[in-house]
Amino acid sequence: MGNAILKDERITPVSAAGRYIAAYLSLETQSAEDASTDSQMATVALSLSERIGSAKEGAVIDLGCGQGALLQRLSEISQFRDNPSWIYIGIDDEYKLTSVQELARKLKLNRRVEVFNLDEFYDTWPDVPEFQIIVCRNVLHELRILDTARLIHHIATSARSTDAVLGRGLISAEPQAH
């Protein structure tokens, strides 16, 4: 399999290694186009569809939204796509939010999408409907210990008892390797 990859003249050992290292070190975020084929995202999508389907309105808060992979997947979930009372809130570094806004326009969901940079998020929790699903996927391992503690504290003091929090290790019955 490795040789088959290297036979493609467009992919050199250096570029393949560079992409691997960039992905491993999280220098790149998951593209929105990859959302449909990501098995971890499929697990998240199943949980989201069940939870969204059980509430008339709400918000999906995507902590560390990157390029909008979760938004892409939500657009494929009828419970979200067909219910204008559900909104998506993407939270990340300022430079990543433009991709999410462009994706929202492409998906024709831009009126239901809000974005917050990290400073805004830590200053004030987004004003959301009564029920919110907070998704924290592939984020915690990227943070320093103090930043992780700050994020967990912000979630714990802002989430309501009726809200759901989905994290990489919280939605799977089996432990995830890091």
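What share of the 178 residues in the protein chain is made up of buried residues? In this predicted model, buried residues account for 40% of the chain. The accessible surface of the protein chain comes to about 10800 Å², of which carbon and sulfur atoms supply 53%.

## Overall organisation

The protein chain holds eight helices and five strands, and from the N terminus on these elements follow the order α-α-α-β-α-α-β-α-β-α-β-α-β. Among the contacts in the protein chain with a separation of 6 or more, 81% are between residues 24 or more positions apart.

## Helix α6 and its surroundings

Helix α6 spans residues 94–106, and its buried residues are Lys-96, Leu-97, Val-100, Leu-103 and Ala-104. Viewed down the axis of α6, these buried residues fall within an arc of 120 degrees, so they line one face of the helix. On the face turned away from this buried side, α6 carries the exposed residues Tyr-95 and Lys-106. The packing partners of the buried residues of α6 are the helix α4 (69–74) together with the strands β2 (86–92) and β3 (113–117). After α6 comes Lys-108, a residue whose phi is positive, near 60 degrees.

Lys-96, listed among the buried residues of α6, has a relative accessible area of 18%, and because the limit for a buried residue is under 20%, Lys-96 still counts as buried. Lys-96 also takes part in a salt bridge with Asp-92, which is described with its counterparts below.

## Salt bridges

Side chains of opposite charge can pair when their charged atoms come close. A search of the whole structure finds five salt bridges, and the table gives three of these, including the separation of the closest N and O atoms in each.

| Salt bridge | Closest N and O atoms | Relative accessibility of the residues |
|---|---|---|
| Arg-73 with Glu-76 | 3.7 Å | Arg-73 14%, Glu-76 37% |
| Asp-82 with Arg-81 | 3.1 Å | Asp-82 52%, Arg-81 37% |
| Asp-92 with Lys-96 | 3.8 Å | Asp-92 7%, Lys-96 18% |

In the bridge between Arg-73 and Glu-76, Arg-73 is buried, whereas Glu-76 is partly exposed. In the bridge between Asp-82 and Arg-81, Asp-82 counts as exposed and Arg-81 as partly exposed. For the bridge between Asp-92 and Lys-96, Asp-92 is buried, and Lys-96 is buried as well.

## Aromatic pairs and His-154

A pair of aromatic rings is described by the distance of the centres and the angle of the planes. The count of aromatic pairs in this model comes to three. One of them is formed by Trp-86 and Phe-131, whose arrangement is edge-to-face, with 5.9 Å from centre to centre and 85 degrees between the planes. This pair links distant parts of the chain, since Trp-86 lies in strand β2 and Phe-131 in the loop between α7 (118–123) and β4, 45 residues apart. Trp-86 is buried, with a relative accessible area of 0%, and Phe-131, at 16% relative accessibility, counts as buried too.

Ring pairs also link Phe-121, Tyr-122 and Trp-125 into a cluster. Which residues does His-154 contact when its neighbours within four places in sequence are left aside? With those neighbours excluded, His-154 is in contact with Phe-121, Tyr-122 and Trp-125, the residues that make up this ring cluster. His-154 has its place in helix α8 and is buried, with a relative accessible area of 12%.

## A nonpolar patch on the surface

Leu-140, Leu-143 and Ile-152 form a nonpolar patch on the surface, and together they have about 220 Å² of accessible area. Of these residues, Leu-143 is found in the loop between β4 (132–136) and α8 (145–158), and at 30% relative accessibility Leu-143 counts as partly exposed.

Note on methods. Residues numbered from 1 in each chain as written. Predicted model: local features only at pLDDT ≥ 70, side-chain atom pairs only at ≥ 80, totals over all residues. Heavy atoms only, no water. Salt bridge = Lys/Arg side-chain N within 4 Å of Asp/Glu carboxyl O. Buried < 20%, exposed > 50% of the residue type's maximum accessible area, 1.4 Å probe, protein only. Patch = residues over 30% accessible without salt bridge, like charges linked within 9 Å, V, L, I, M, F, W, Y side chains within 5 Å. Areas by Shrake-Rupley, 256 points an atom, 1.4 Å probe, with all protein chains shown as cover. Helix = DSSP H or I, 4+ residues; strand = E, 2+ residues; numbered from the N terminus. Arc of directions from axis to C-beta. Contact = heavy atoms within 4.5 Å. Phe/Tyr/Trp six-rings, centres within 6.5 Å; stacked < 30°, edge-to-face > 60°.
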